[in-house]
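Thanks, everyone. I'll take the ligand site, then one run of strands. Here is the structure.

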Amino acid sequence: MAEVLRFGFIGAGEIALRTAEAVSQAPRARLVAVTDADPRLAQGLAEAHGAEAVDTADDLVARADVDAVYIAVPHFLHSVMVQTAARAGKHILLEKPTGTSAAESERCLRAARDAGVTLSVPFIYRYTEAWRRVRELAADAVLGDMQCLRSVLWADKPATYWQGGYTGRSQSDWRGRALQAGGGVLIMNAVHDIDAMRWSTGLEAERVYAEHGTFAAPVEVEDLAAVTIRYHGGAIGVIEVAAHAPGGAGPLGSGGHRWIGTQGQAALADGHLWVYAAQAVAGIPAGRWTELELDRPGDPRTLCVDDFARAVLAGERPPIPEDAGLEAMKVISAAYQSQRFGRPVRTDEVFQRVVMAPRTTIG
Ligand SMILES: NC(=O)c1ccc[n+]([C@@H]2O[C@H](COP(=O)([O-])OP(=O)(O)OC[C@H]3O[C@@H](n4cnc5c(N)ncnc54)[C@H](O)[C@@H]3O)[C@@H](O)[C@H]2O)c1
């Protein structure tokens, strides 16, 4: 069995820079080739990591020394690149979201399954100790039956974000274009929360109601959204996400997450995890809020890349299963359709029509 998984990168923009660093830190991964529509970005990233820059994605997947690709391009190109990589027999680590709609997400899944290659998404919340502990608390029934999950993401992004992300590394307006991004803060940011809410509790979304709007940015996609999810079994999920909340979340830290069960609550903000349990359990006293001590096992992105490499090298199913991206996208597509139709949308309805996120003008 090979000891190292050799990666080719399709996309050398903002997040690829961080993932390349993660690959360089991961014991079981190595970067060997990079391509980008902007050859200077591919060249710079390749040079920094002792890899080679290549002209196109087709050239990259044709290389025998590439075992797996990491795809981090604008959302509308994700399913195309997945199909290119799958046809060439390469394993795939695909950045979120897995396309611009649930239908595209399903195409990614089908392409990987038909080709017999591994597909996974770096949903890195899963590699943070806080989310892992909440998952244990939920699995061990410390919180009781789940009543409500809540995610608040109030960011104060710079106005320049829509043209170049946080760093300006790659200049393009794709983030603000409905057809290229598929939507705004929901598909771009809340997708992580939607996956992590599902993973931490095992709850599957049944129907979704959403309102969103474009309040502060001159873009086609939403910069603020409020989403309500009804899970199978009855629990309710609430997501609030905003790109331009002046001052960000302020006293709430970088936002916050809550799990409200029949026997207790968990609250996570700024990497601190607090628990309230009605009955004393495993080191948690009854009847008062207690902050849990968290181990810091390492950088979540590095852990995620290394775990993906371990599974591929061992011929195992990826730790973040191939359908995780699709399950998150079903909620997102349902949310966009909900706003469009002005009613709740079931997650099993979303394949009937493909609806791009419409712009909602306020005032
Ligand atoms: N997991 C995370 O925390 C996280 C964070 C940021 C972004 N992302 C995701 O990563 C992806 C990329 O985001 P980003 O912020 O790096 O964007 P970016 O615009 O900085 O980078 C995208 C890169 O793709 C390149 N590109 C465009 N068309 C191409 C083509 N046909 N072939 C090769 N390269 C092409 C661009 O030149 C650019 O360098 C998106 O899906 C985004 O949602 C994930």
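Start at the ligand. It has 23 residues around it, and Asp 36, His 75, Lys 96, Trp 174 and Arg 175 come nearest. Keep in mind that this is a predicted model.

What is the shell made of, by class? It has 11 nonpolar, 5 polar and 7 charged residues.

Now the polar side chains. Glu 95 puts a polar side-chain atom 3.0 Å from a nitrogen atom of the ligand. Arg 301 also has a polar side-chain atom 3.0 Å from a ligand nitrogen. For His 78, the partner is an oxygen atom of the ligand, at 3.3 Å from a polar side-chain atom. On its own, the ligand has 840 Å² of accessible area, and the protein covers 85% of that.

Which helices supply at least two shell residues each? α1 (14-25), α4 (78-87) and α9 (185-201) do.

And where does the ligand sit relative to the domains? Domain 1 (5-122 + 301-317) and domain 2 (125-298 + 328-349) both give residues to the shell, so the ligand lies between them.

Next, strand β13, residues 272-277. Its side chains alternate. Leu 273, Val 275 and Ala 277 point to one face and are buried. His 272, Trp 274 and Tyr 276 point to the other and are not buried.

β13 has partners. With β12 (residues 264-269) the pairing is antiparallel, over 6 bridges. These two strands form a hairpin with 2 residues between them. In that turn, Asp 270 has a positive phi of about 55 degrees. With β14 (residues 290-291), β13 is again antiparallel, over 2 bridges.

Look at Trp 274 last. Ala 267 stands opposite Trp 274, and so does Glu 291 in β14.

Definitions and conventions:
Residues numbered from 1 in each chain as written. Predicted model: local features only at pLDDT ≥ 70, side-chain atom pairs only at ≥ 80, totals over all residues. Heavy atoms only, no water. Near = heavy atom within 4 Å. Polar contact = N/O pair within 3.5 Å; in protein donor to acceptor, adjacent residues only side chain to side chain. Areas by Shrake-Rupley, 256 points an atom, 1.4 Å probe, with all protein chains shown as cover. Helix = DSSP H or I, 4+ residues; strand = E, 2+ residues; numbered from the N terminus. Nonpolar A, V, L, I, M, F, W, Y, C, P; charged D, E, K, R; others polar. Domains from an automatic or database assignment. Buried < 20%, exposed > 50% of the residue type's maximum accessible area, 1.4 Å probe, protein only. Pairing = 2+ DSSP bridges.
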